[in-house]
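Got the structure open in your viewer? Let's take a walk through it together, one piece at a time.

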Amino acid sequence: MTARLRAAPVVHTFDESDLIDRMPPTRGRLEANAPLMDQTWFRVGGPAEVLYRPYDAQDLSIFLANLDDDIPVTILGLASNTLVRDGGVPGVVIKLGPQFAFINTDGGMVRAGAGAVDLNVARAAQVAGIAGLEFLCGIPGTIGGGLRMNAGAYGREFRDIVVEAEVLDRDGNIRCLKRDQLGFGYRHCGVPEGHIFISALLQGESGDPAIIDTRMKGIQAQRNRSRKRPEVRPSPTRKTIPSNASHGN
């Protein structure tokens, strides 16, 4: 029997694009025709027409305020549940860096940047003796992505812990939205897709770090048991970035 050979996908590139010449001045980093394969857990997909890594929130705000309205904008988080098409992503793909990954604890509260990894937030809360955020260790994503999807696991979801969130609109304006203004539903957030989450204030409660740690280990053990291929399995909220889309976090 003759084996059938499957052709490798043809990955589109933006070699002829001059979009990067239309980018506003920035303190961040801009890269044309940037590969996105290494930015996602699945290690597949085409490039970004332009990849932008903002220096900080102010830099991102100024960049958006001066970006032409006809240029699509896509925000890419940890990409644990994202598939990028071989056709790539037109327009600007924004990747938040370490400046957006801060985690600060105060009493029973945690303020975290949109780029902070959920597991890291759960661990910081545990060390600070803040209970109620343990479920975050079972979500493979960032705070920004969790806000966008109202992500949840093991009986809790983001709307249970969010006090407020900072949001940046397409015109570069930063707004602080309270929980009831975020329009949370099942795996849904009512904030318009073109808006970008910057940070969130999360509410926990006083707890014993040792007990919190035990709960987190139980969640992680349960999650590992349910995963057949942990290195590639997406979360239940997997999404695909089409080659003509514009998204929030």
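Start with a pair of helices: helix 2 (residues 118–127) and helix 4 (residues 209–226) pack with their axes 8 Å apart, at an angle of about 155 degrees. Angles over 145 degrees count as roughly antiparallel, so helix 2 is roughly antiparallel to helix 4. Keep in mind that what you're looking at is a predicted model.

Which residues actually make the contact? From helix 2 come L119, A122, R123, Q126 and V127, while helix 4 brings P209, I212, D213, M216 and Q220. Sort the residues of this contact by type and you get six nonpolar, two polar and two charged.

Helix 2 has other neighbours too. Helix 2 lies across strand 6, strand 7 and strand 13, and runs at about 30 degrees to strand 6. That brings us to the sheet these strands belong to. Five strands make up this open sheet, in the order 6-7-13-11-12, and the pairing is antiparallel. Notice that the order along the sheet isn't simply the numbering of the strands. Now look at the edges: strand 6 (103–106) and strand 12 (174–178) each have a single partner strand, so one side of each has no neighbour in the sheet. Leaving direction aside, neighbouring strands here are turned by 15 degrees against each other on average.

Let's zoom in on some of the pairings. How many bridges join strand 7 to strand 13? There are five, linking strand 7 (residues 109–113) to strand 13 (residues 196–203), and the two run antiparallel. One pair to find on screen is M109, which stands opposite Q203 in strand 13. Further along, five bridges also join strand 11 to strand 12, again running antiparallel. Here V167 has R175 of strand 12 as its bridge partner. Strand 11 and strand 12 form a hairpin, with five residues between them. In that turn, look for G172, which has a positive phi of about 90 degrees.

Helix 1 meets this sheet as well. Helix 1 (residues 57–66) lies across strand 11 (162–168) and strand 13, and runs at about 140 degrees to strand 13.

While you have strands in view, here's a handy rule. In a regular strand, side chains alternate between the two faces of the sheet.

Now for the other sheet on our route. Four strands form an open sheet in the order 1-2-5-3, and this time the pairing is mixed. Strand 1 (29–35) and strand 3 are the edge strands, each pairing on one side only. From one strand to the next, the twist averages 30 degrees. Do strand 3 and strand 5 run parallel or antiparallel? They run parallel, with four bridges joining strand 3 to strand 5 (residues 89–95). To see one spot along this pairing, find L76, which stands opposite K95 in strand 5.

Our last stop is the second largest pocket, which holds about 200 Å³ of space. It is lined by 17 residues, and the closest to its centre are G77, L78, K95, L96 and T142. You've already met K95, as the residue opposite L76. Strand 3 (73–76) and helix 3 (143–149) are the elements that give two or more residues to the lining. What mix of residue types lines this pocket? The lining divides into eight nonpolar, eight polar and one charged.

Definitions and conventions. Residues are numbered from 1 along each chain as its sequence is written. This is a predicted model: local features need pLDDT of at least 70, side-chain atom pairs count only at pLDDT 80 or more; totals for chains, interfaces and linings use all residues. Side-chain values use heavy atoms; hydrogens and water are left out. On a 1 Å grid over the protein atoms alone, a cavity is a set of points where a 1.4 Å probe fits but cannot get out, and a pocket is an open set with protein on both sides within 12 Å along at least five of seven lines; lining residues have an atom within 4 Å of a point. Grid points are joined across faces, edges and corners, and a volume is the space filled by probe spheres set on the points. Ala, Val, Leu, Ile, Met, Phe, Trp, Tyr, Cys and Pro count as nonpolar, Asp, Glu, Lys and Arg as charged, and the others, Gly among them, as polar. Axes are lines fitted to C-alpha atoms, for helices over the stretch in contact, and angles run from 0 to 180 degrees between N-to-C directions. Angles under 35 degrees count as roughly parallel, over 145 as roughly antiparallel, 65 to 115 as roughly perpendicular and the rest as oblique. Contact means heavy atoms within 4.5 Å. Two strands pair if DSSP finds at least two bridges between them.
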